[in-house]
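Please open the model in the viewer and keep the selection panel at hand. The tour below proceeds by selections.

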Amino acid sequence: MVDFELHDPTIVAENVQVRYTVSTNDPSHRAKGLRRLSNAIVGRRGQTTVRALRGVNFVAREGEMVGIVGANGSGKSTFLRNLAGVEQPDRGRILVRYQPLLLGVSAALQPALSGSENVRLGCLAMGLSPAEATEAFDYVVELSALGAAIHRPMGTYSSGMGARLRFAIALAARPKILLIDEALSTGDATFAERSERAMDELLAEAGTVLLVNHAAKVIQELCTRAVWMHKGEILMNGPAEAVAEKYRWWAWNVAKGNEQIADKLLHDVVSNAVREEIDVLEPELIKNPIPRHAARRRKKLIRNSRHVKRRTSSTRIGEASSSAVQTDKPQVWPENLDIEVPKATFPALPKPASQTSNGPRSHNELPPLRLRPKDSKVVLRAENPEDRASTVAASDDLTGRRLSSRAREMAEDRYQLRQMRRSDEEAGVERKRYDSVPEVSGDTL
Amino acid sequence: MSETKNPLGLSSIPSVSSEGLVPVGRRTSLRSYLGALWNRRHFIVAESRAKMSSSTRKNLLGYGWLFLNPLLSVLAYWFIFGYILQTQRGIDNFLGFLVVGVFFFSFTSKCMTGGTGAIRSGASMIKGFQFPRAALPISTVVRNFLDFMPTLLVMVIVLVVVPPLEVITWRIALVVPVIILQTLFNVGLACFLARLGHKFPDLTNLMSIISRFWFYGSGVFFSIEDRLGNHPMLLEAMQYNPMHAYLTIARNSLLYGLDSDPKMWVVGAVWAFGLLIVGFLFFWRGEENYGRL
């Protein structure tokens with residue numbers, strides 16, 4: 001398997017926190033005194049704050065397909081909405097390489113219009129130009145495989161047919177990052193096959209897919225990595241098989257009412273769980289770590305402060321992680337902690353010429369990490385949000401052709417691998433079925 | 001994923017460089033925002049037309065209602081204001097006066113109520129995918145504009161067919177700049193109210209009242225100069241009402257073949273461009289908040 005650590009990250013979510021203030025009629029949340037009177041006048045009972053995400057750290061890389069599992073209300077959809085940028089987190093920040101596409105075309109489609117009219121409308125909604133939309137039309141029709149039904153009003157479609165059309169339209173926009181929120185579960189077997197191949201192609205073109213699905217089996221089959229979310233936090237993050245298996249076992253126990261086993265399992269996972277920390281290194285820091293006093297730019301900051309104001313949240317995080325780095329504890333962990341580690345003093349190593357600055361520098365402390373995002377410094381490669389970054393190599397030039405053939409190869413490989421695994425499994429299932437069938441029939445007889 | 005674990009059980013994702021990564025869903029600079037909006041123009045038009053045709057397809061008469069609706073409302077207004085209340089004293093060609101007032105005003109009032117609820121009614125789209133949110137209030141204006149066109153046709157037919165004949169001069173062409181100014185004004189108004197309406201949803205209740213107040217205050221079915229003769233202060237204030245300016249210019253050029261007071265043109269143009277800029281900037285400043293409802 002490919003080591004994804006080596007690939008470039010496409011999504012970095014750092015300490016994402018989201019809370020909603022919602023009204024509730026829970027008697028214990030009832031307000032008191034004057035507040036209660038005013039609440040009674042406007043006709044609401046009380047308000048409570050729901051923490052939908054409590055500090056999620058997450059990194060996805062090129063070519064990865066990450067599954068997200070978790071109980072209902074664990075914050076999966078909220079997380080995806082925040083990744084897509086349709087909602088801003090209260091704290092933390094999300095960085096992406098390309099504009100992620102949420103599989104949410106359905107909002108733009110009109111049930112009274114025919115499927116073909118909706119294809120055009122949906123393509124335009126995804127940001128395609130009319131010419132591109134006409135070009136993409138055949139692709140959508142072929143992928144959705146609706147046949148003559150494409151000319152009927154979309155309101156007459158079954159839910160599976162609607163889902164197929166929506167998925168096909170989303171893929172026609174050729175997104176680099178696709179976020180799927182339980183959309184594929186309604187398609188039938190033939191479509192599942194076709195959609196998987198389409199996603200493989202997307203992955204092979206250095207894309208990333210995030211898939212929320214309740215069927216742990218789907219996650220195991222499709223994904224390279226899985227994440228288990230529980231109450232707004234990431235509990236587990238690892239290979240799809242392991243995570244999905246754990247989750248399935250937990251869900252099964254909850255469903256059966258084995259609360260104790262489920263709780264114990266959850267406890268085990270939580271105690272083994274690790275709060276992952278991310279160090280997001282700003283390009284500025286990597287290139288020239290200048291000391292703070294040398295990099296002070298008061299006047300400029302004040303002038304820009306109107307735009308920077310919103311980012312106070314991310315500043316806080318920056319400080320938190322920088323303090324972690326700044327501690328005078330050693331950063332290299334010894335095998336066992338029994339040995340008294342001498343307090344580290346940082347030797348004054350000769351600096352490479354490129355890094356030396358003329359100003360005085362105290363060697364007792366690290367140069368503070370300046371993780372504050374700066375408007376001027378963050379490299380806005382996709383400054384235009386419309387940029388789907390698919391135009392790097394045109395399809396007809398040499399690089400484009402080579403890339404696409406390579407992409408096809410990779411997609412083919414993944415497909416073969418999955419087919420092999422599936423046929424193995426099916427053989428196993430068949431065997432099991434043969435074993436169990438006589439028993440059942442005997443029972444019923 | 002290979003995870004490095006330290007004795008405290010902290011696994012760490014190795015440091016990630018943020019090079020080439022951009023914060024998602026942030027408000028972009030005004031220039032790229034306008035560029036993105038311009039790229040969306042096809043979607044805005046396609047969406048407005050789709051909404052319009054899907055709302056008409058349900059009816060048996062289909063597109064017929066686009067013409068029937070204004071025709072019937074002319075009849076109703078004429079019956080009440082012209083026949084029963086007899087408000088036409090001192091106004092030449094009262095039917096034309098009324099028709100122009102009602103149709104031009106309802107274009108703006110529909111944009112006003114539509115703009116206030118634009119974010120809320122487009123909530124599913126906002127949650128569905130990323131696009132410059134200003135497309136929502138603008139598409140309500142476009143939709144109302146498309147509705148306004150057949151209404152305009154009906155109006156012209158009514159004016160030509162029904163007896164007191166109009167004075168037809170070259171000034172009829174002045175209707176075009178009036179409609180353009182009014183549309184720009186409506187865009188600004190819809191954008192401005194869209195952000196306000198998102199912040200204070202209660203405004204939708206208030207809007208119908210404000211719109212009615214404005215309706216009576218703009219002289220839709222009576223002449224302001226006539227009625228407010230003994231309130232000079234109020235009359236002076238009414239001169240700066242943009243709707244009054246648009247209605248007066250439209251009537252002068254369509255019905256009476258008169259030149260309008262240049263002051264009216266100035267008032268209309270200043271309101272149109274001023275509110276367009278203010279309203280759009282106001283809406284753009286709130287871009288990141290619209291996902292939360």
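A crossing of two helices is termed left-handed if the near helix is turned anticlockwise from the far one by less than a right angle, and right-handed if clockwise. The structure on display is a predicted model.

Begin with chain B and select helix α12 (residues 242-256) together with helix α13 (residues 262-285). Their axes lie 9 Å apart and form an angle of about 130°. Angles between 115 and 145 degrees count as oblique, and therefore α12(B) is oblique to α13(B). The crossing of α12(B) past α13(B) is left-handed. To view the contact, select Pro242(B), Ala245(B), Tyr246(B), Thr248(B) and Ile249(B) on α12(B), which meet Met264(B), Trp265(B), Val267(B), Gly268(B) and Trp271(B) on α13(B). Eight of these contact residues are nonpolar, two are polar and none is charged.

Next, keep α12(B) and add helix α8 (residues 175-199) of chain B. Here the angle is about 165°, with the axes 9 Å apart. Because angles over 145 degrees count as roughly antiparallel, α8(B) is roughly antiparallel to α12(B). This crossing of α8(B) and α12(B) is left-handed. On α8(B), the residues to select are Val175(B), Val178(B), Leu181(B), Gln182(B) and Phe185(B); their partners on α12(B) include Tyr246(B), Ile249(B) and Leu254(B).

Finally, turn to the largest nonpolar core, which has 153 residues. Leu179(A), Leu211(A), Ile219(A), Ala226(A) and Val100(B) have the most contacts inside this core. Its largest share, 12 residues, comes from helix α4 (residues 94-116) of chain B. Centre the view on Ile219(A), whose contacts include Gly67(A), Val69(A), Asn213(A) and Ala240(A).

Key. Residues are numbered from 1 along each chain as its sequence is written. Chains are lettered from A and ligands numbered from 1 in the order in which they are written. This is a predicted model: local features need pLDDT of at least 70, side-chain atom pairs count only at pLDDT 80 or more; totals for chains, interfaces and linings use all residues. A nonpolar core is a set of buried Ala, Val, Leu, Ile, Met, Phe, Trp, Tyr and Cys residues joined through C-beta atoms within 7 Å. A residue is buried if 20 or more other C-beta atoms lie within 10 Å of its own, exposed if 12 or fewer, and partly exposed in between; C-beta atoms are placed from the backbone. Helices (H or I, at least four residues) and strands (E, at least two) are DSSP runs, numbered from the N terminus. Two residues are in contact if their C-beta atoms, placed from the backbone, lie within 7 Å. Axes are lines fitted to C-alpha atoms, for helices over the stretch in contact, and angles run from 0 to 180 degrees between N-to-C directions. Angles under 35 degrees count as roughly parallel, over 145 as roughly antiparallel, 65 to 115 as roughly perpendicular and the rest as oblique. Ala, Val, Leu, Ile, Met, Phe, Trp, Tyr, Cys and Pro count as nonpolar, Asp, Glu, Lys and Arg as charged, and the others, Gly among them, as polar. Lists of a residue's contacts leave out its neighbours within four places in sequence.
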